[in-house]
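Q: I'm new to this one, so could you walk me through a single part of it up close? I'd like to start from one strand and see what surrounds it.

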Amino acid sequence: MLAITIVLTEGYSDWEIGVLAGTGGAYYGADIKFVSPEGGAVTGISGLRTGALERFSAPDGGVVVVCGGPEFESDTPPVIEERLKEAYENGCAVAGICGATLALARAGLLDDAAHTSNGLDYLQAVKTYQGAAHYRDQPQAVRDGRIITAAAPAPASFAVAVLEAAGVEEEAAGVIMGMLSQEHARLGS
């Protein structure tokens, strides 16, 4: 299985990668590493603080996952676009959920790949975004080759797509959806 590098920013939306981080390591045995754009500790939107993290640098392979968070919507978003492009050029799958799709758009990684986000208008706020023709308005994550995207409320399908990109077989990764859907089943059905 390929290694998974998860990029966390200050105020990261921790619940967006909870399914991936929790089941990926414990259930699937994925090698998951957490980093931050410039290194150091970050605090999630819930108040959960990490210890000191390594600075994000483009790996030579594996999957790079960028967790969403309000910093991506700010006037001074994390500057990681060149590192995301380098990771992609190095053969990595690159994934973003919620606000992190803005970073993928800024990097030009959505210009020619099917993708989703929190809405087409959300991505069009990025002046350099040219992928509108490939936008998919759907609630589940979208995987197109080595590009994976998801809207904020899709952490389960996002986790499945990332794990599949890391090498988990589709049927095995799909177990996540079955497990998590049980709470929505009607009692006695």
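What follows is a close look at strand E4 and the parts linked to it, in a predicted model.

Which residues of strand E4 point one way and which the other, and what are its neighbours?

A: Let's start with the strand itself. E4 covers residues 63–66, and its side chains alternate: Val-63 and Val-65 point one way, while Val-64 and Val-66 point the other way. Whichever way they face, all of these valines are buried.

Now for the neighbours. On the one hand there's strand E1, made of residues 4–7, which pairs with E4 in the parallel sense over four bridges. Within that pairing, Thr-5 stands opposite Val-64. On the other hand there's E5, which also runs parallel to E4 and is joined to it by four bridges. Val-64 turns up here again, with Val-94 as its bridge partner in E5. So that you can trace the path between these two strands: E4, helix H2 (residues 81–89) and E5 make a right-handed β-α-β unit.

Next, the packing. In soluble globular proteins, nonpolar side chains tend to be buried together. Here, the largest nonpolar core holds 36 residues, and Val-65 from our strand is among those with the most contacts inside it, along with Ile-4, Phe-158 and Val-162. E4 isn't alone in feeding this core: E1, helix H1 (18–26), E4, E5, strand E7 (147–150) and helix H5 (155–166) each supply at least two residues. H5 gives the most, with nine residues.

Just past the end of each of the paired strands E4 and E5 there's a cysteine to look at: Cys-67 follows E4, which ends at residue 66, and Cys-98 follows E5, which ends at residue 97. Cys-98 lies in the loop between E5 and helix H3 (100–106). Its backbone has a quirk too: Cys-98 has a positive phi of about 55°, although it is not a glycine. Both cysteines are tucked away, since Cys-67 is buried with a relative accessible area of 0% and Cys-98 is buried with a relative accessible area of 11%.

Why don't Cys-67 and Cys-98 form a disulfide? A disulfide is a covalent bond between the sulfur atoms of two cysteines. The sulfur of Cys-98 has its closest cysteine sulfur in Cys-67, but that one is 8.4 Å away, which is too far for a bond. The cut-off is 2.5 Å between the sulfurs. The count for the structure comes to zero disulfides.

One last stop is a pair of ring contacts away from the strand. The charged end of Arg-146 sits over the ring of Tyr-88, 4.0 Å from its centre, and Tyr-88 falls within H2, the helix of that β-α-β unit (residues 81–89). The structure also holds one aromatic pair. Tyr-27 and Tyr-28 make it, in an edge-to-face arrangement with 4.8 Å centre to centre and 85° between the planes. Tyr-28 is buried, with a relative accessible area of 15%.

How values were computed
Residues numbered from 1 in each chain as written. Predicted model: local features only at pLDDT ≥ 70, side-chain atom pairs only at ≥ 80, totals over all residues. Heavy atoms only, no water. Phe/Tyr/Trp six-rings, centres within 6.5 Å; stacked < 30°, edge-to-face > 60°. Buried < 20%, exposed > 50% of the residue type's maximum accessible area, 1.4 Å probe, protein only. Lys NZ or Arg CZ within 6 Å of the ring centre and 35° of its normal. Pairing = 2+ DSSP bridges. Core = buried A, V, L, I, M, F, W, Y, C linked by side-chain atoms within 4.5 Å.
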